[in-house]
Amino acid sequence: MSRSTRNDLAALIKQTKSVASPFRTYLNALHQRFASVNDGTPADYIPELARANPDWFGISVVTVDGKTFNAGDAAQPFTIQSISKPFVYGLALEKHGRDFVNKKVGVEPTGDAFNSLIRLDEKSKRPHNPMINAGAIATAGLIHGPDSTARLKQIMEMFRKYIGHDVSIDVSVFVSEKTTGHRNRAIGHLMLNFGMIDANVDETLDLYFQQCSILVTSQDLATIAATLANKGINPVTGERAIEPQYIRDILSVMYTCGMYDYSGNWAYSVGLPAKSGVGGGIIAVVPGKMGIGIFSPPLDERGNSVRGINVCQAMVQDLGLHVFDCEAKATEIMPV
Ligand code: DON
């Protein structure tokens, strides 16, 4: 942050201290600061996503004691996309345990794009991690049930617990992705060829397209992230969403693989477990403190929200949130 921006921010916080919490004021200032960033474009490889308004911009924070802070379009619904991946991975871990899941999907970062076709481990034929599409499709294949509806119901019920209300699917986005998802179909069938996924691969692909089409808001994303920050208990409803023993698995793969071929850079400069989606969402988890959810559709060339990255970098810098920052100073703009 430049010195003049820092001074402006300090002045704004001082001015409005009597009427709003400093953190609320801080979030609004952050929103105002990055709303004018016009880099990136909404995803268009799924035709329905291209309809997103590039000006939509929401920032939300939920603390582990259940306080919610919003700025901008925090109530605008959009599809969760790849942000669903770590949570379905958590569900698979709960159902089958760590040893079994590890045999099906690895935990090694690849530095590849999310839709990379080539990364199956040479020996084991496992996808390298659950954040790239191959790993996410294999993970969806581990959510079993008597039929496709029963399989989807388990994922929707899991998200209900994380978010605190029932979730629905954007059918137009689902149909758009199902119709155009030839690359994901190829990945699924390649894994079927190697025996890494069950024979009902088309049903599993549909399940994957459906989990990506679940509608959320930036406030929902912050609540999901806060649930991970709060040892698996939704801090607003008090309901447990995931067994605490699997939080470390989810956060580790988010930290090392959550931002695709930007993951190393992200770990270095932001230093928080995070996940992005091509709908324009990003979540970041500050363990033991808070969850951050951002929504802004224009993406960079790696498929990450441009304003989302800017906001996370600024918050980490301003609030000293990098998990390895041992010199972080106390600040008066924490979420209280
Ligand atoms: O597999 C796909 O193409 C999407 N439904 C999900 C990809 C995604 O969100 C990648 N994220 N940055």
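How many cavities of 30 Å³ or more does the structure hold? The structure, which is a predicted model, holds 1 such cavity, and the tour will come back to it after a look at the whole chain, the ligand and a buried helix.

**The whole protein.** Begin with the cartoon of the entire protein, in which 13 helices and 7 strands can be picked out. If you then colour by accessibility, 55% of the 336 residues count as buried. Of the contacts with a separation of 6 or more, 69% are accounted for by residues 24 or more positions apart.

**The ligand.** Next, select the ligand together with the 14 residues that surround it, of which Y45, Q81, S82, E177 and Y208 are the closest. Showing side chains here brings up several polar pairs that deserve a distance label. S82 places a polar side-chain atom 2.7 Å from an oxygen atom of the ligand, and N133 likewise has a polar side-chain atom 2.9 Å from an oxygen atom of the ligand. On E177, an N or O atom of the side chain is 2.4 Å from a nitrogen atom of the ligand.

**Helix α5.** Keep N133 selected, since this residue belongs to α5 and is itself buried, and extend the selection to residues 133-140, the full span of the helix. Why can α5 be described as largely enclosed by the rest of the structure? The reason is that 8 of its 8 residues are buried; beside N133 these are A134, G135, A136, I137, A138, T139 and A140. To see what covers them, add the helices α3 (85-96), α6 (148-163), α8 (182-193) and α9 (201-212), which are included in that cover.

**The cavity.** Now hide the helices and select P109, T110, G111, D112, N129, M131, I132, T256, C257, Y260 and S263, the residues that line the largest cavity. The space inside this cavity is about 60 Å³, and its lining divides into 5 nonpolar, 5 polar and 1 charged residues.

**The second largest pocket.** For the last stop, turn to the second largest pocket, where about 270 Å³ of space lies. Its lining is made up of 18 residues, and E48, L49, A52, W56 and D170 are the closest to the centre of the pocket, so that selecting these five is a practical way to bring the view onto it. Which classes of residue form the lining of this pocket? Colouring by class shows 12 nonpolar residues in the lining, together with 3 polar and 3 charged ones.

Conventions: Residues numbered from 1 in each chain as written. Predicted model: local features only at pLDDT ≥ 70, side-chain atom pairs only at ≥ 80, totals over all residues. Heavy atoms only, no water. 1 Å grid on protein atoms, 1.4 Å probe; cavity = no way out; pocket = protein on both sides within 12 Å on 5 of 7 lines; lining within 4 Å. Points joined across faces, edges and corners; volume = space filled by probe spheres on them. Nonpolar A, V, L, I, M, F, W, Y, C, P; charged D, E, K, R; others polar. Buried < 20%, exposed > 50% of the residue type's maximum accessible area, 1.4 Å probe, protein only. Helix = DSSP H or I, 4+ residues; strand = E, 2+ residues; numbered from the N terminus. Contact = heavy atoms within 4.5 Å. Near = heavy atom within 4 Å. Polar contact = N/O pair within 3.5 Å; in protein donor to acceptor, adjacent residues only side chain to side chain.
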